[in-house]
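Open the structure in your viewer and follow the stops below. Each one says what to select and what is there.

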Amino acid sequence: MDTWRVVKKRTADPGGGAVHVSSDGTRYMRTSGASLAAEAAFQRQLAALGYPVPRVLDDGTTDDGDVFVVEESLGERSLHDMALESLDGARDLPDTVVDLAAEVGGRLLRAQAAHAVPADLQALRSWVREAGWTDNVFAENPDLDTPRVRAALDRAVARLAGVPMVPGHLDYGLPNVLPVGVIDWQHRGLVPLGYDTALALEIIPFKGGTKGYRAGPEQRRRYLEALNEVARATAGQPLSQHLGPYLLVKAVFFLALMKPTDPARTDKRLKWHYRRHLLTEVLEQYERTGAVDPARFPTLDSFAARRDSAAHS
Ligand SMILES: Nc1ncnc2c1ncn2[C@@H]1O[C@H](COP(=O)(O)OP(=O)(O)O)[C@@H](O)[C@H]1O
Ligand SMILES: [Mg+2]
């Protein structure tokens, strides 16, 4: 019999799911979670399609009626963990982590491009809704459900017409990337090619600078160029020209589930308002130029300081 240690409660799982690791560290188990069985089925499919994902080893129902899924470990540290460990006063990511990200991202992108389906506007609109969690975001922030925001999202969809759609991750970023593959397929769905991989370094500033590392301009350029090459070779088109629309949808996603239910949690309120502010900034940049540069975002600290001084003047 295995003994399992809880790694963490699963974020964004209304079913109260958790992730566990086996005592020898070779396997991970996820429990509960309304859509866990579907997640495992999807992951099995992806593995069969040649995606770099953990193999599903076992799944079923516990005596308590919880769903469980066991998968192989892809290693001890994500690229996010590696970035944190190598911080030594320097803020830029180590180049080795950037290269690893480009390598794994390229492998995922290649597998995705091999299973592309033609785009249609309906599929792109579904992607905006699923990837952007727009139902939740507009419910929690009704003041942002405006013709202006809707028009920007429509413009993003129109700009992406003709980009092939592929089975995607929706929560792609360094914490879910390990040197041999990509974990955590809780959110998933059809995405325009490159939506997952192209943004891995672009989204770091959404964390507010509190993670301690950043990607420098040259690192971002190099990473994107590596992915562009894969996209050109597989789909016949680069993907860096889609960053604007992709980041607009991401900015909506990063606002999902942020509104605190407990008004006394001022820390959570601050983060919620920060993400609201970032969406506004992204919207302005996108409307003005069609592009978005996350390096221009304020950090969480500078945003908080600005709000404080505004409140006290
Ligand atoms: N197959 C795996 N191989 C290696 N580490 C894993 C694996 N599955 C989960 N982990 C570890 O457990 C953590 C939480 O799992 P994850 O599914 O990403 O949960 P969450 O949905 O909360 O982000 C990951 O960040 C990673 O450290
Ligand atoms: Mg994760």
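Before the tour starts, one set of terms is needed: Ala, Val, Leu, Ile, Met, Phe, Trp, Tyr, Cys and Pro count as nonpolar, Asp, Glu, Lys and Arg count as charged, and the others, Gly among them, count as polar. Keep in mind that the model is predicted.

**Stop 1: the ligand**

Select ligand 1 and the residues around it. The shell holds 18 residues, and the closest are Tyr-28, Pro-54, Ser-73, Leu-74 and Asp-184. By class, the shell has 8 nonpolar, 6 polar and 4 charged residues. Why does ligand 1 lie between domain 1 and domain 2? Both domain 1 (4-72) and domain 2 (79-311) give residues to its shell, so ligand 1 lies between them.

**Stop 2: the two domains**

Colour residues 4-72 as domain 1 and residues 79-311 as domain 2, following the domain assignment of the protein chain. The C-alpha centres of these two domains are 25 Å apart. Where they touch, domain 1 supplies 12 residues and domain 2 supplies 14 residues. The side of domain 1 that touches domain 2 is made of 8 nonpolar, 2 polar and 2 charged residues.

**Stop 3: the sheet of five strands**

Switch to a cartoon view. Strands of a sheet pair through backbone hydrogen bonds, either parallel or antiparallel. Which order do the strands of the open sheet have? The order of its 5 strands is β1-β2-β3-β5-β4, and the pairing is antiparallel. At the edges are β1 (4-9) and β4 (56-61), each of which pairs on one side only. On average, neighbouring strands of this sheet are turned by 20° against each other, direction ignored.

Now select β3 (residues 27-31) and β5 (residues 67-72), which form an antiparallel pair over 5 bridges. Tyr-28, one of the closest residues to ligand 1, stands opposite Glu-71 in β5. Add helix α1 (residues 36-48), which packs on the sheet and touches β3, β4 and β5. The direction of helix α1 makes about 155° with that of β4.

**Stop 4: two leucines with positive phi**

Most residues other than glycine have a negative phi. Select Leu-170, in the loop between β6 (165-168) and β7 (177-178). Leu-170 is not a glycine, yet its phi is positive, about 75°. Is Leu-170 buried or exposed? Leu-170 has 21 other C-beta atoms within 10 Å, so it is buried; the cut-off for buried is 20 or more.

Finish at Leu-257, in the loop between α8 (243-253) and α9 (266-289). Leu-257 also has a positive phi, of about 60°. With 15 other C-beta atoms within 10 Å, Leu-257 is partly exposed.

How values were computed:
Residues numbered from 1 in each chain as written. Chains lettered and ligands numbered in written order. Predicted model: local features only at pLDDT ≥ 70, side-chain atom pairs only at ≥ 80, totals over all residues. Domains from an automatic or database assignment. Contact = placed C-beta atoms within 7 Å. Near = placed C-beta within 6 Å. Pairing = 2+ DSSP bridges. Helix = DSSP H or I, 4+ residues; strand = E, 2+ residues; numbered from the N terminus. Axes fitted to C-alpha atoms, helices over the stretch in contact; angles between N-to-C directions. Buried ≥ 20, exposed ≤ 12 C-beta atoms within 10 Å, placed from the backbone.
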